[in-house]
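Welcome! Take a moment to turn the model around on your screen before you read on. We will begin at one residue and work outwards from there.

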Amino acid sequence: MLNIARLEEAVFASAQLPTGDLQRLADQGVTTLLSHRPDHEEPGQPTAAEMAEAAGLAGLTFVHAPIRGLPDEAAVSATARALEDAAPGRAVVMFCRSGMRSSAAWAMARAQQGADPDALRAAAAEAGYDLSRVPL
């Protein structure tokens with residue numbers, strides 16, 4: 001069972017996704033998969049290349065913007081581009097080990113686009129992510 005948390009309309013965060021579940025996501029309207037996970041973070045995790053191949057087979061756009069610690073400018077920019085490039089009304093699922101880095105990258109990207117930091121923190125909290133220490 002996938003544990004995917006909604007951050008905003010058609011934008012979701014998740015822990016590591018199994019490659020075998022990507023077709024199901026595509027069937028449910030997801031069009032973009034955004035990985036914030038560095039390769040080899042944990043033994044046995046799929047690499048970005050493996051995730052990209054599985055995403056392609058499922059018809060998903062795959063973006064890899066690895067994050068270690070707090071999201072850097074490159075990861076925040078890649079996240080903002082992926083969110084902007086997604087077809088209107090089509091879902092974006094972001095993932096990392098727990099979903100925390102993905103939710104932080106989302107909030108930092110949206111804050112740069114002018115969203116209210118308190119509203120972003122509240123949305124993340126409702127999804128189960130504490131962004132109180134993330135600079136927005």
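L34 touches V63, A65, T79, A82, V93, M94 and F95, leaving out residues up to four places away in sequence. This leucine lies in strand 3. Is L34 buried or exposed? With a relative accessibility of 0%, L34 counts as buried, since the cut-off for that word is under 20%. M51 sits 17 residues from L34 in sequence, and the C-alpha atoms of the two are 10.0 Å apart in space. Please keep in mind that everything here comes from a predicted model.

**The whole protein**

Now zoom out. The protein has 5 helices and 5 strands. Following the sequence, you meet them in the pattern β-β-α-β-α-β-α-β-α-α. The radius of gyration is 14 Å, close to the 14 Å that the globule rule gives for 136 residues, so the protein is as compact as a globular protein of that length. The C-alpha trace spans about 40 × 35 × 25 Å along its principal axes.

How much of the protein is buried? Buried residues make up 49% of the 136 residues. Of the contacts with a separation of 6 or more, 72% are between residues 24 or more positions apart. The accessible surface comes to about 6,800 Å², and carbon and sulfur atoms account for 50% of it. As for charge, the protein has 11 positive and 17 negative charges, and the mean positions of these two groups are 3 Å apart.

**Two nonpolar cores**

Next, look inside. The largest nonpolar core has 29 residues, and those with the most contacts inside it are L7, M94, W106, Y129 and L131. Several elements give two or more residues to this core: strand 1 (4-8), strand 2 (11-14), helix 3 (73-85), strand 5 (91-95), helix 4 (100-112) and helix 5 (117-127). Which helix gives the most? Helix 4 does, with 7 residues.

M94 is a good residue to click on here. Setting aside neighbours within four places in sequence, M94 is in contact with L7, V11, F12, A13, S14, L34, H36, T79, S102 and W106. You have met L34 already, and M94 was among the residues that L34 touches. Apart from the largest core lies another core, of 17 residues, and among them are L17, M51, F62 and F95.

**Four more residues to visit**

Here are four places to compare on your screen.

| Residue | Where to find it | Relative accessibility |
|---|---|---|
| R101 | helix 4 | 13%, buried |
| A10 | loop between strand 1 and strand 2 | 14%, buried |
| H40 | loop between strand 3 (30-35) and helix 2 (48-57) | 65%, exposed |
| L60 | loop between helix 2 and strand 4 (61-64) | 7%, buried |

Let us start with R101. Not counting residues up to four places away in sequence, R101 touches H36, R37, P38, E41, I67, G69, P71 and C96. Why does R101 count as buried? The relative accessible area of R101 is 13%, and buried means under 20%.

A10 comes next. Beyond residues up to four places away in sequence, A10 touches R90, A91 and V92. A10 and A91 are 81 residues apart in sequence, yet their C-alpha atoms are 4.2 Å apart in space.

The backbone of A10 deserves a look too. Most residues other than glycine have a negative phi. What is the phi of A10? Phi of A10 is near 65°, a positive value in a residue other than glycine. H40 also has a positive phi, near 65°, and is likewise a residue other than glycine. At 65% relative accessibility, H40 counts as exposed, because that word is used for values over 50%.

Our last stop is L60. Leaving aside neighbours within four places in sequence, L60 is in contact with L22, A26, V30, T31, T32 and A55. How far is L60 from H40? The two are 20 residues apart along the chain, and their C-alpha atoms are separated by 22 Å.

Notes: Residues are numbered from 1 along each chain as its sequence is written. This is a predicted model: local features need pLDDT of at least 70, side-chain atom pairs count only at pLDDT 80 or more; totals for chains, interfaces and linings use all residues. Side-chain values use heavy atoms; hydrogens and water are left out. Helices (H or I, at least four residues) and strands (E, at least two) are DSSP runs, numbered from the N terminus. The radius of gyration is taken over C-alpha atoms; the globule rule is 2.2 Å times the number of residues to the power 0.38. Buried means under 20% relative accessible area, exposed over 50%, partly exposed in between (1.4 Å probe, protein chains only). Contact means heavy atoms within 4.5 Å. Accessible areas come from the Shrake-Rupley method with a 1.4 Å probe; for residues, only the protein chains shown count as cover. Lys and Arg count as positive and Asp and Glu as negative; His and the chain ends are not counted. The place of a charge is taken as NZ of Lys, CZ of Arg, CG of Asp or CD of Glu. A nonpolar core is a set of buried Ala, Val, Leu, Ile, Met, Phe, Trp, Tyr and Cys residues joined through side-chain atoms within 4.5 Å.
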